[in-house]
Amino acid sequence: ALPISIDGNGDAVFASPHYNVRILETMLSGNSGIQPPHAAFSGAGSYVMPRLSRDGTTLIGLSDRSGQVDIWLKDLRTGEERSITATSEIERSPQISDDGGTVFFGMREDGLYPMYKVTARGGRPEKVCADCGALSDISPDGQYVLYHGGEPWSAYSFQITSGRKTLI
């Protein structure tokens with residue numbers, strides 16, 4: 001904790017730079033209505049930027065539960081949770097494919113924002129774009145990633161197989 005203020009009597013106010021943010025989930029039930037929310041991930045730590053696959057089977061989020069910020073996945077069919085990245089950099093803006101099989105994410109490297117992809121099983125991430133800004137979505141067919149970046153800040157599509165960027 002760091003002192004942020006000391007008054008005339010020598011009393012100090014402290015603030016802690018640590019916070020905890022959680023991703024919550026709830027079940028919608030026909031006759032019962034909405035059930036009380038509970039933590040989606042079981043491990044301690046903060047969780048942000050939740051993304052759900054369109055088929056509803058896979059949830060991802062950024063978490064510091066391992067001591068560094070990585071992408072964590074929860075299989076909503078089995079309840080299994082696992083880290084799918086373990087890099088020394090901070091992953092950013094994760095997005096998951098419709099079928100829950102592929103995760104795209106960004107990182108900051110040498111002043112650029114490359115885009116990577118990794119299977120939902122984890123493994124070594126593959127760089128697919130050298131500078132693609134902040135990821136926003138994946139097309140339903142999995143062929144395009146929507147991202148924002150540049151000067152002025154603009155929206156682009158990135159065609160995964162060709163590497164072609166298009167200003168939207």
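Here a visitor and a guide talk through a predicted model, one question at a time.

Visitor: What is the order of the strands in the open sheet of 4 strands?
Guide: Happy to start there! The sheet is open and its strands pair in the antiparallel sense. Reading across the sheet, the order is β11-β12-β13-β14.

Visitor: Which strands stand at the edges of that sheet?
Guide: Look for strands with a single partner strand, because one side of each is then left without a neighbour in the sheet. That description fits β11, residues 92-96, and β14.

Visitor: By how many degrees are neighbouring strands of this sheet turned against each other on average?
Guide: Direction is ignored for this value. The average turn between neighbouring strands of the sheet is 30 degrees.

Visitor: How many bridges pair β12 with β13?
Guide: Find β12 at residues 102-106 and β13 at residues 115-119, which pair in the antiparallel sense. You can follow single partners along the pair: phenylalanine 104 is bridged to lysine 117, and glycine 106 to methionine 115. Over the whole pairing, the number of bridges is 5.

Visitor: Which residue in β14 does tyrosine 116 stand opposite?
Guide: Strand β14 covers residues 126-129 and runs antiparallel to β13, with 3 bridges joining them. Across from tyrosine 116, in β14, is lysine 127.

Visitor: In the hairpin of β13 and β14, which glycine takes a positive phi?
Guide: This hairpin has 6 residues between the strands. The phi in question is near 95 degrees, and it belongs to glycine 122.

Visitor: What is the phi of glycine 56 in the turn between β7 and β8?
Guide: Strand β7, residues 47-52, and strand β8, residues 58-63, run antiparallel and are joined by 4 bridges. Within the pair, tyrosine 47 stands opposite serine 63. The two strands form a hairpin with 5 residues between them, and the phi of glycine 56 in the turn is positive, about 75 degrees.

Visitor: Is methionine 49 buried, partly exposed or exposed?
Guide: Methionine 49 is found in strand β7, and its phi is positive, near 55 degrees, though it is a residue other than glycine. Most residues other than glycine have a negative phi. For exposure, the range between 20% and 50% counts as partly exposed. The relative accessible area of methionine 49 is 30%, so the answer is partly exposed.

Visitor: And serine 93, is that residue buried or exposed?
Guide: Serine 93 lies in strand β11, and its phi is positive too, about 35 degrees, although it is not a glycine. Buried means under 20% relative accessible area. Serine 93 has 8% relative accessibility, so it counts as buried.

Visitor: How many residues lining the largest pocket are charged?
Guide: The largest pocket has a volume of about 180 Å³. Its lining includes Ser93, Gly106, Tyr113 and Trp153, together with Arg92 and Asp131. The lining divides into 3 nonpolar and 5 polar residues, and the number of charged ones is 2.

Visitor: Which proline is joined to glutamate 151 by a cis peptide bond?
Guide: Most peptide bonds are trans. Here omega is about 0 degrees, in a cis bond. The proline's place is in the loop between β16, residues 144-149, and β17, residues 154-159. The residue joined to glutamate 151 is proline 152.

Methods:
Residues numbered from 1 in each chain as written. Predicted model: local features only at pLDDT ≥ 70, side-chain atom pairs only at ≥ 80, totals over all residues. Heavy atoms only, no water. Pairing = 2+ DSSP bridges. Axes fitted to C-alpha atoms, helices over the stretch in contact; angles between N-to-C directions. 1 Å grid on protein atoms, 1.4 Å probe; cavity = no way out; pocket = protein on both sides within 12 Å on 5 of 7 lines; lining within 4 Å. Points joined across faces, edges and corners; volume = space filled by probe spheres on them. Nonpolar A, V, L, I, M, F, W, Y, C, P; charged D, E, K, R; others polar. Buried < 20%, exposed > 50% of the residue type's maximum accessible area, 1.4 Å probe, protein only.
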